[in-house]
Amino acid sequence: MNYDYVIVGGGSAGCVLANRLSADGKSNVLLLEAGPPDTYPWIHIPIGYGKTMRHPVLNWGFNTEPNEHMNDRQVYWPRGRTLGGSSAINGMIQIRGQAEDFDLWESMGADGWNSREAIRYFIKSETNSRGANAYHGDSGPLSVSDVGETGELVDAFIQGCGDLGIPRTDDFNGATQEGAGYLQLTTRKGWRCSAAVGYLRPARNRANLSVVTGAHATSVVMEGKRAVGVRYRGDSGDVSVRASREVLLCAGALQSPQLLQLSGIGPASLLQKFGIQVVHELPGVGENLQDHLAFGLLYKCTKPITTNDDLRTLFGKMRIGLKFVLQRRGPLAIGVMTGAMITRAQKDATRPDINFFLSTVSSEERGAAPHPFSGFTLAYYPFRPTSRGHVRIKSADPFAAPAMQANYLSTDYDRAMMIAGARMARAIAATPSFSPYILEEYQPGPSVQSDTAILDAVRNTGASGYHPVGTCRIGRDADAVVDPRLRVHGVEGLRVVDASVMPTLVSGNTNAAAIMIGEKGADMIIEDRDQGA
């Protein structure tokens, strides 16, 4: 049970590391994943995230602590619990973020994590259906594809954005992010391309790579201030494995800090509260939590052209099912979010600050049964919230979820942005190109007009954008958790390589950035190995 590297977490970054670290045959690598293999068919059918949104086995199904700024609501946080992690259950949207995001990281102490490095690894990671150019790659493990077909409703939305002066874009990951258009998705020939499919599947037969599923890590094994292995609970009970070189935490922004805290690395007062011996005090472990807060306006449609209509009857289900089976096209192959608009909600914004998505389905909550009428959702989230929260263990039990507090809406800026987003969504809905498709605003409803009323609607029904990051951030200051090479400060043989190391949220979806972190992290680990560091 001795390996050179033990990777904890088979999600987006963990699958990247498993592939890259085992590729040259010089290292023995173990990948531990708490969930089962990714054999559930609906993982691989793109629209299947509706089936995994609350799956009792494939989803951790977390809930935040009650938030005083959200009328004391708990907010549901799905997280993938299978090979591929959240890349196996997400909406597959490929929006990397803005160059300024990564340059900001570097200015905050994440040396080497600038936009030039980010684009290099984004290109390395992907095979884009459009081929290679200055912004895209054609030989990477992750398949990124055009939607491949247009829709009347999405076309009208894009034209409505044009009515407001928002230009059309064909690439949200190109020279400029701003505009309205069709998305690219992490799909391959009509199937989801998760990190497990793109990175792990091609590497599974390597003799120097072992993958263990159903392995819930309970602590990092420490000898003094050096990490030497991992304890986990598997099918046969408790197991300890050794890592002669490094332990690599890729458990995500919620569970990587939890595992550090359970292992005696974190805020001393928190650890002592639960009787955990302090191995190394790091006050920033679990702090700096950020997430996108999303809000959706639901509309009844004047035409039976929504996914609600496709799913409402047996005939509709058969029709879209046959289209998928015979052509790998239609809603099953692309999901329900194919159109987006990125723009500036604040007039003095120097760069785009908000993202809108058109979802061709409506329901009382995400993942629930569609409404019995033709309906769609116009959802948005501000890119760069200023609210900060935390992840902290609630006990020494490694099987108990930690306390997750996002502190949504705790700043004036975040409140103002949510109000501005709702007003902009309504402006799109009122345009000459889009308004003919709207029968009525179903939620929050036309009576909700004042800033106070809009904000209260957000407090009552706002939801996670599913992008928690930041809880083990890169930096050199006293509150940073990892250095720019992702090594945990004050501890040897231990790195964190996942979305938790982001100093701030990216202006986009986080899966692409998490994979980029895995790619750059793998190169640094291999470089340090070859140099004997």
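Me: Hi! What order do the strands take in the open sheet that contains S17, and how do they pair?
Reply: Happy to help! In this predicted model, the order is S17-S22-S23, an open sheet of three strands with antiparallel pairing.

Me: Which strands are at the edges there?
Reply: Those are strand S17, residues 287-289, and strand S23, residues 403-405. Each of them pairs on one side only.

Me: And by how much are neighbouring strands turned against each other?
Reply: On average by 35°, with direction ignored.

Me: Does anything sit on that sheet, I mean, which helix packs on it?
Reply: Helix H8, residues 252-262, does. H8 touches S17, S22 and S23, and its direction makes about 50° with that of S22.

Me: Back to the strands for a second: how many bridges link S22 and S23?
Reply: Three bridges, in the antiparallel sense, with S22 covering residues 389-392. If you want a spot to click on, Arg392 stands opposite Ala403 in S23.

Me: Nice. New topic: how many cavities of 30 Å³ or more are there?
Reply: The count comes to three. The largest cavity has a volume of about 110 Å³.

Me: Which residues are closest to the centre of that largest one?
Reply: Asp291, Leu293, Pro385, Tyr408 and Asp414, out of 13 residues that line the cavity. By class, the lining of this largest cavity has eight nonpolar, three polar and two charged residues.

Me: What about open pockets, what's the volume of the second largest?
Reply: The second largest pocket comes to about 430 Å³. Its lining has 24 residues, and Thr150, Gly151, Ile305, Asp310 and Pro331 lie nearest its centre.

Me: Which helices supply at least two residues each to that lining?
Reply: Helix H6 (152-163), helix H10 (307-312), helix H11 (314-327) and helix H12 (331-334).

Me: And how does the lining of the second largest pocket divide by class?
Reply: Into ten nonpolar, eight polar and six charged residues.

Me: Let's zoom out. How many helices and strands does the chain have?
Reply: The chain has 15 helices and 26 strands. Its C-alpha atoms fill a box of roughly 65 × 50 × 45 Å along the principal axes.

Me: What does the radius of gyration say about the chain?
Reply: The chain has 22 Å, and a compact globule of 533 residues would have a value near 24 Å, so the two agree.

Me: There's a sheet with S5 in it too. What's its strand order?
Reply: That open sheet of three strands runs S5-S6-S8, with mixed pairing.

Me: Why do S5 and S8 each have one side without a neighbour in the sheet?
Reply: Because strand S5 (126-128) and strand S8 (184-185) stand at the edges, each with a single partner strand.

Me: How do S6 and S8 pair, then?
Reply: In the antiparallel sense over two bridges, where S6 spans residues 142-146. The bridge partner of Ser145 is Leu185, in S8.

Me: Which helix lies across S5 and S6?
Reply: Helix H5, residues 115-125, running at about 70° to S5.

Me: Last bit, backbone oddities. Where is the cis peptide bond with omega near 5°?
Reply: From Gln443 to Pro444. Pro444 is found in the loop between strand S24 (438-443) and helix H14 (451-461).

Me: And what's the story with phi at Asp72?
Reply: Asp72 has a positive phi of about 60° although it is not a glycine. Look for Asp72 in the loop between strand S3 (62-63) and strand S4 (76-77).

Definitions and conventions: Residues are numbered from 1 along each chain as its sequence is written. This is a predicted model: local features need pLDDT of at least 70, side-chain atom pairs count only at pLDDT 80 or more; totals for chains, interfaces and linings use all residues. Side-chain values use heavy atoms; hydrogens and water are left out. Two strands pair if DSSP finds at least two bridges between them. Helices (H or I, at least four residues) and strands (E, at least two) are DSSP runs, numbered from the N terminus. Axes are lines fitted to C-alpha atoms, for helices over the stretch in contact, and angles run from 0 to 180 degrees between N-to-C directions. Contact means heavy atoms within 4.5 Å. On a 1 Å grid over the protein atoms alone, a cavity is a set of points where a 1.4 Å probe fits but cannot get out, and a pocket is an open set with protein on both sides within 12 Å along at least five of seven lines; lining residues have an atom within 4 Å of a point. Grid points are joined across faces, edges and corners, and a volume is the space filled by probe spheres set on the points. Ala, Val, Leu, Ile, Met, Phe, Trp, Tyr, Cys and Pro count as nonpolar, Asp, Glu, Lys and Arg as charged, and the others, Gly among them, as polar. The radius of gyration is taken over C-alpha atoms; the globule rule is 2.2 Å times the number of residues to the power 0.38.
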